[in-house]
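Here's a short set of exercises on how two chains meet. Grab the viewer and work through them in order.

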Protein chains: 2
Amino acid sequence: MTPKKILLVVCDGLSDRPVKQFDMKTPLQVARKPALDAIARHGINGTMDVIGPGVIPGSDTAHLALFGYDPHKVYTGRGPIEAAGVGIEMAKGDVAFRCNFATVDKSMNVTDRRAGRIKHGTSELAQAVTGMKIEGVTAIFKEGSEHRGVLVLRGEGLDHRVSDVDPHRDGKVLAAEPIVPAAEKTASVLNEFVKRANKILESHPVNKKRATEGLPPANIILPRGAGSIGELETMPQRFGMKCAAVAGVTLIKGICRLVGMDVPEVPGATGGLDTDFRAKADMALRLLNSHDFVFLNVKAADVAGHDGDFRIKVSVAESIDVMMGTILKEIHEDVVVALTCDHSTPVAVKEHSADPVPLSVSGGGGRVDGVKEFDEISCASGALGRIRGVDLMPILMGMADRAHKFGA
Amino acid sequence: MTPKKILLVVCDGLSDRPVKQFDMKTPLQVARKPALDAIARHGINGTMDVIGPGVIPGSDTAHLALFGYDPHKVYTGRGPIEAAGVGIEMAKGDVAFRCNFATVDKSMNVTDRRAGRIKHGTSELAQAVTGMKIEGVTAIFKEGSEHRGVLVLRGEGLDHRVSDVDPHRDGKVLAAEPIVPAAEKTASVLNEFVKRANKILESHPVNKKRATEGLPPANIILPRGAGSIGELETMPQRFGMKCAAVAGVTLIKGICRLVGMDVPEVPGATGGLDTDFRAKADMALRLLNSHDFVFLNVKAADVAGHDGDFRIKVSVAESIDVMMGTILKEIHEDVVVALTCDHSTPVAVKEHSADPVPLSVSGGGGRVDGVKEFDEISCASGALGRIRGVDLMPILMGMADRAHKFGA
């Protein structure tokens, strides 16, 4: 049997709960979505606990699970994913932190956790602090979008089990504490980095200029979310497929890079409500020619969910439908197309929830179960049953005739 | 509550995918099968990942799982199962190999991996090589059907982690290599066995006679699939039931013996398309009088699947239906009857696939879920949901009022 290609489409946070004011329907049940429904109608359907029953997935842990990794085993903190997102290649033993550029007063009280959402100059600030050597450890720092950045500590004897420097609200900058004795050196190096960086940033021309403009200085770096990552077997290694991703958000791109996908830039893919759906469709189609596995993430529905906006969520679902219509028109029926979400973000909750997500898989000559619509309830009666996120990739591999036999 | 008897019927490879030329139906959806549908209609239904989601089951690993054993724990290779199949009782520390009688030329090149599919004389050839002592290890050899045989090495310091001697195609006979240092002795004993057996077989009267008839000599034994088996808790020990099996294929019989079932010979049960379904039904009925648990395997559908023959698969399903009709007419409604497959062998794939299999369980006063037909899609909407193979026996034990309480 010829192995088939796989397209995995994840509608970030699109899954929801029924809303009273909308006739007890979910946004997916209200949206006009012929293309999404066609995937359900021509395939098998189910629901999925992306991490496990009753666990609220983060977008990071959810995507690791969807790519076949047990997040309980490979996820230690968001640092390494952010590092991959900004393009720092992590090595074994490295410890990575998400960071904010922030503003502190003379007595090290945080007065603005985002340094006035600084937009320009962070690249120069990062240049000024990166490369520092402390106790034989190298501190690699790179700016992210706006006030964000990533710190990677590289050297002997590091351990990610340290507490955050970031107080997570206005107030005194915290000293990192080792959570286990093995992390004492890491905490000490981290605290020294924060101190030295503060000195350097205070007198940096970028901040001098901000002062003249009446803007809060980005005079401190606040690390949090320490994590390290072992030697991760990449998706190409595990599954023997050439893999690529279409995504707009740094976090998602970071995860995709971490697991060995090619992540081309898609102009116009913002990860926001204004994302260019057509550009994403075109890129996915192009990648399906050159790769075996293509992952496509659309973030916009999650944004609408966090905003608690039912109508915008419906309209995002309809935009995704148009995007999928474009794709389905062009691809061969042999491509296994999986459509799902990384988690629910119900408009009533305005946050991620533990509700399972709908899943539809069509194409590749697989089974067809009679489900007619892609939504939280219709899919639940399908032949896929209720699966776990970590089982999705093996199931897709099986449907694409790429699985391995165990036994004779 | 009186414990009930259990009948487990496994239709080897009957599960399939929809086929375009047959109106997008599977063979099970096309077949006329009132008896199989009656089991679905009077019971509860579901689908089953026999090993796990996205894993293609071998027939051997699948049956271990169906009997309640985690194949990842107990399965090391096919050797021990074949050994049980030919009636060699394995002891702890033994290493077993599947073997072929084959033909080699003077420079040890395999010219026929099956020695012209030798039919007669292998018993005499086996007698000539069995019992050899090498480095304190005893080599036990027994012929199987046609060109097949089994080698069991028995002695101190053996380890199954050695590579195959069989080149798996025409070409140079391979020297077994230890995969781990602990297997060095095993590899050395194995290579010596192959060498000595070659000398003995070359000059054996059976081969002299074959030469005069222009047939290729069975002048070498090619071991492969090394495996050992720990002390397996048998099904009677684990489940407290007297267990028996009706099966035609050596491999399946071997597994059944390995797990402690009685495996009477059934004249006419061939494991092929020509198997005597009526004889199997009669034997199953007889065993249900004397045993608590009866397992019935029908291999024929798998053969049709490997041949890619939709119509023959439909006809096998209908023969199985007649067989089950005979059985259902005779048994008490208190017998818990489970009907399922060990794996899918879709006619479109001509090989095992990872698609889950349908499962119907009726009788014993259990629940009834409204599913009307035994097929891949109908069963998926049943009350059993999607289960794993290793959970089947505990579920059947529960339905037969034979399960144990945990707690008070």
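Before you start: a salt bridge here is a side-chain nitrogen of Lys or Arg within 4 Å of a carboxyl oxygen of Asp or Glu. Keep in mind that this is a predicted model.

**Exercise 1.** Work out how many salt bridges there are between chain B and chain A, and look at one of them.

*Solution.* Start with the count: chain B and chain A share 4 salt bridges. Now zoom in on K20(B) and E333(A), whose side chains form a salt bridge with an N to O distance of 2.8 Å. That fits the cut-off, because the limit is within 4 Å. Widen the search to polar contacts, and you get 13 residue pairs between the two chains, both partners at pLDDT 80 or more.

**Exercise 2.** Find which elements of chain B give two or more residues to the side touching chain A, and describe that side by class.

*Solution.* First, list the elements: β3 (56-57), α3 (59-66), α4 (71-74) and β15 (385-388) of chain B. Of these, α3(B) gives the most, with 3 residues. Next, sort that side by class: 15 nonpolar, 9 polar and 10 charged residues.

**Exercise 3.** Describe how β15 of chain A pairs with β3(B).

*Solution.* Strand β15 (residues 405-406) of chain A and β3(B) run parallel, joined by 2 bridges. For one residue's partner, pick F406(A): its bridge partner in β3(B) is P57(B).

**Exercise 4.** State the extent of the contact between the chains.

*Solution.* Count residues: 34 of chain B are in contact with 25 of chain A. Then take the area: the two chains bury about 2200 Å² between them, 55% of it on carbon and sulfur atoms.

Methods:
Residues are numbered from 1 along each chain as its sequence is written. Chains are lettered from A and ligands numbered from 1 in the order in which they are written. This is a predicted model: local features need pLDDT of at least 70, side-chain atom pairs count only at pLDDT 80 or more; totals for chains, interfaces and linings use all residues. Side-chain values use heavy atoms; hydrogens and water are left out. Contact means heavy atoms within 4.5 Å. Buried area is the accessible area (1.4 Å probe) that two parts lose on being put together, summed over both. A polar contact is a pair of N or O atoms within 3.5 Å; within protein, one must be able to donate a hydrogen and the other to accept it, and residues adjacent in sequence count only if both atoms are side-chain atoms. Helices (H or I, at least four residues) and strands (E, at least two) are DSSP runs, numbered from the N terminus. Ala, Val, Leu, Ile, Met, Phe, Trp, Tyr, Cys and Pro count as nonpolar, Asp, Glu, Lys and Arg as charged, and the others, Gly among them, as polar. Two strands pair if DSSP finds at least two bridges between them.
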